[in-house]
Amino acid sequence: MNPDMQLYNTASRRKDKFTPLTPGIVRMYCCGPTVYHFAHIGNLRTYVFEDMLRRVLEYAGYTVQHVVNITDVGHLTSDADTGEDKMEKGARREGKSVWDIADFYTRAFQKDWDRLGLLQPSQWTKATDNIAEQIDLIRALEDKGFAYVIAGDGVYFDTARFPGYGEFAGLDIEGMQAGARIGVVAGKRNITDFALWKFSPGDVQRAMEWESPWGKGFPGWHVECSAMALKYLGETLDIHCGGVDHIRVHHTNEIAQSQCATGKIFSRFWLHGGWLLQKSDEENGGGKMSKSSGEFITLESTLDRGFSPLDFRYLCLTAHYRNYLNFSWEGLTTARDSLRNLRKKTAPLSGLAGTPASETAHAWEERFQEAVYDDLNLSQALAVVNLMLKDADLPESEKAALTSRFDKVLGLDLLAPSQASDGAALPADLQSLFDERLQARRDKNYKRSDEIRDLLRAHGIILKDSPEGGTWEKATG
Ligand code: AMP
Ligand code: ZN
């Protein structure tokens with residue numbers, strides 16, 4: 001197994017042939033969510049891309065060690081090491097403890113994860129469960145002379161001591177140094193230096209703080225990811241992923257501190273997912289979807305409008321992962337229609353057994369591979385699937401077998417039995433649940449109302465709420 005897989009590597013700025021360091025095993029670290037709010041569909045787009053990457057690697061025969069972290073402390077509202085911890089901001093917004101906030105939004109995130117059919121990582125890991133490892137990493141950096149203390153503020157990484165700092169992101173360090181200094185932490189040796197450890201404010205007791213050799217406080221966001229990646233995957237990863245917004249600061253800093261601590265290349269490949277943008281229309285202000293703006297679309301809100309999670313997954317597949325994707329409800333509707341059309345063709349194949357043994361089948365598999373091994377060209381892969389299904393020379397049993405293999409990559413549940421959206425009556429037991437939910441909504445018992453919605457969804461019934469009550473339709477996902 002050594003497919004000619006080309007992946008665009010942010011570090012080299014070109015497509016490189018991918019092979020892992022250890023034959024057959026891929027070590028992959030993906031930056032996870034900061035759990036101070038619901039994930040929006042922009043965040044989820046990045047995790048769908050990472051899931052596709054993992055599925056393509058597994059399709060190619062690799063075993064993927066896939067680590068995803070949960071950032072539950074230390075991600076400040078400003079990348080300049082000033083501002084508030086986002087977790088504290090979430091706790092204040094909701095009048096809850098930071099721990100409750102972290103717990104609630106981690107569960108919500110993992111629920112979205114499952115709904116989208118994302119494969120479970122080999123390891124979920126929380127920043128707050130790995131404080132000792134982070135302290136060890138900072139100590140190692142200090143021992144090697146890369147760290148310094150700013151009294152009353154924190155422990156900082158001296159970026160001038162890492163030759164080539166910023167090359168990864170093509171930063172113009174001199175220009176940055178000469179630029180405005182407003183908002184820069186006093187005492188930083190270089191404008192790009194970043195906090196490894198922040199001291200708790202003397203007068204305020206933080207809900208999340210730990211003792212350290214330098215004083216009570218909490219870790220910086222970047223050191224969390226380095227420490228967890230090194231702990232679970234070793235000194236050199238094969239692939240590190242995240243959204244494109246992480247290149248300039250977060251990943252640049254992860255590279256600096258990891259490589260200075262270990263003396264090894266931190267990750268051989270860096271893959272970044274493009275932004276999901278909000279379309280500039282009256283409904284949503286336009287620009288990059290972000291949690292901090294407070295205005296964002298969640299997966300849940302797409303379900304409330306009658307979409308299924310796999311409609312969103314399909315939408316993600318239609319754009320190359322490195323390109324921007326402009327989100328609009330019309331776009332999601334088109335994705336839903338396309339997925340339904342595809343399912344109309346594939347559902348009748350469910351239950352047919354076969355092996356894709358003929359030369360024609362091999363040719364289709366090659367075309368599929370050409371697409372997915374070319375830096376995950378999934379829209380091309382979808383086109384191949386559609387063409388394959390039309391091939392009159394290919395026996396139905398082989399179409400079924402190929403669809404099953406391809407769907408391991410696409411994750412669209414293509415062989416689920418079809419369920420037409422025909423507005424038929426609900427079975428009596430589901431109808432009574434439906435009625436009970438309407439009553440629960442009238443009573444503002446949203447907990448019960450959500451429970452019933454999930455129950456109905458598990459039976460393939462998607463609810464569409466309206467001020468007057470609501471309707472339902474059968475899910476396609
Ligand atoms: P966060 O929870 O803010 O740390 O972000 C989680 C992941 O979502 C990171 O990999 C981000 O790079 C990514 N991300 C944030 N906003 C967007 C967006 N609008 N489109 C795509 N990915 C995003
Ligand atoms: Zn990270």
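A residue is taken as buried when its relative accessible area is under 20%. By this cut-off, helix α3 of the predicted model has the buried residues V98, I101, A102, Y105, T106, A108, F109, D112, W113 and R115. The helix covers residues 98-115. At 1.5 Å a residue, its 18 residues should span 26 Å, and the end C-alpha atoms are 26 Å apart, which agrees. Just after α3, G117 takes a positive phi of about 70 degrees.

The overall fold was examined next. The protein contains 15 helices and 16 strands. Its radius of gyration is 24 Å, close to the 23 Å that the globule rule gives for 477 residues, so the protein is as compact as a globular protein of that length. Along the principal axes, the C-alpha atoms fill a box of roughly 70 × 60 × 40 Å. Buried residues account for 54% of the 477. Contacts reach far along the chain. Among those between residues at least 6 apart in sequence, 74% join residues at least 24 apart.

In soluble globular proteins, nonpolar side chains tend to be buried together. Here the largest nonpolar core has 73 residues. L57, I239 and F312 have the most contacts inside this core. Helix α1, residues 41-59, gives the most to the core, with 10 residues. Another core, of 51 residues, lies apart from the largest one. Among its members are Y105, F194, A261 and W270. Y105 is also one of the buried residues of α3.

I239 was followed in detail. Residues up to four places away in sequence are not counted. The partners of I239 are then L7, F18, V26, R27, M28, Y29, L53, L57, S267, F269 and L271. L57 is thus both a partner of I239 and one of the residues with the most contacts inside the largest core.

Helix α1 also holds D51. This aspartate is buried, with a relative accessible area of 2%. D51 touches G117, L118, L119 and R313, again leaving out residues up to four places away in sequence. Its partner G117 is the glycine with positive phi just after α3. D51 and Y446 are 395 residues apart along the chain, and their C-alpha atoms are separated by 32 Å.

Helix α4 comprises residues 131-143. At 1.5 Å a residue, these 13 residues should span 18 Å, and the end C-alpha atoms are 18 Å apart, which agrees. I131, Q134, I135, L137, I138 and L141 are buried in α4. Seen down the helix axis, these buried residues fall within an arc of 160 degrees, so they line one face of α4. An α-helix has 3.6 residues a turn, so residues three or four places apart point the same way. The buried residues of α4 pack against four strands, namely β6 (147-150), β7 (154-157), β8 (194-199) and β9 (217-219). They also pack against two helices, α6 (221-233) and α7 (247-262). Just after α4, G145 takes a positive phi of about 85 degrees.

Helices α6 and α7 return at the metal site. The protein donors of the zinc ion (ligand 2) are C31 (SG), C225 (SG) and H250 (NE2). These donors lie 2.0 to 2.2 Å from the ion. Their spacing in sequence is C-x193-C-x24-H. C225 lies in α6 and H250 in α7, so the pair ties together parts that are 25 residues apart in sequence. C225 is buried, with a relative accessible area of 1%. H250 is likewise buried, with a relative accessible area of 1%.

Backbone angles single out two further positions. Most residues other than glycine have a negative phi. R13 departs from this pattern, with a positive phi near 60 degrees. R13 sits in the loop between β1 (6-9) and β2 (14-17). At 45% relative accessibility, R13 counts as partly exposed. D413 is not a glycine either, yet has a positive phi of about 55 degrees. Its place is the loop between α13 (396-410) and α14 (428-442). At 40% relative accessibility, D413 counts as partly exposed.

Methods. Residues are numbered from 1 along each chain as its sequence is written. Chains are lettered from A and ligands numbered from 1 in the order in which they are written. This is a predicted model: local features need pLDDT of at least 70, side-chain atom pairs count only at pLDDT 80 or more; totals for chains, interfaces and linings use all residues. Side-chain values use heavy atoms; hydrogens and water are left out. A nonpolar core is a set of buried Ala, Val, Leu, Ile, Met, Phe, Trp, Tyr and Cys residues joined through side-chain atoms within 4.5 Å. Buried means under 20% relative accessible area, exposed over 50%, partly exposed in between (1.4 Å probe, protein chains only). Contact means heavy atoms within 4.5 Å. The expected span of a helix is 1.5 Å times one less than its number of residues. The arc is that of the directions from the helix axis to the C-beta atoms. Donors are N, O and S atoms within 2.8 Å of the metal (3.2 Å for Na, K and Ca); water is not among the atoms, so sites may look incomplete. The radius of gyration is taken over C-alpha atoms; the globule rule is 2.2 Å times the number of residues to the power 0.38.
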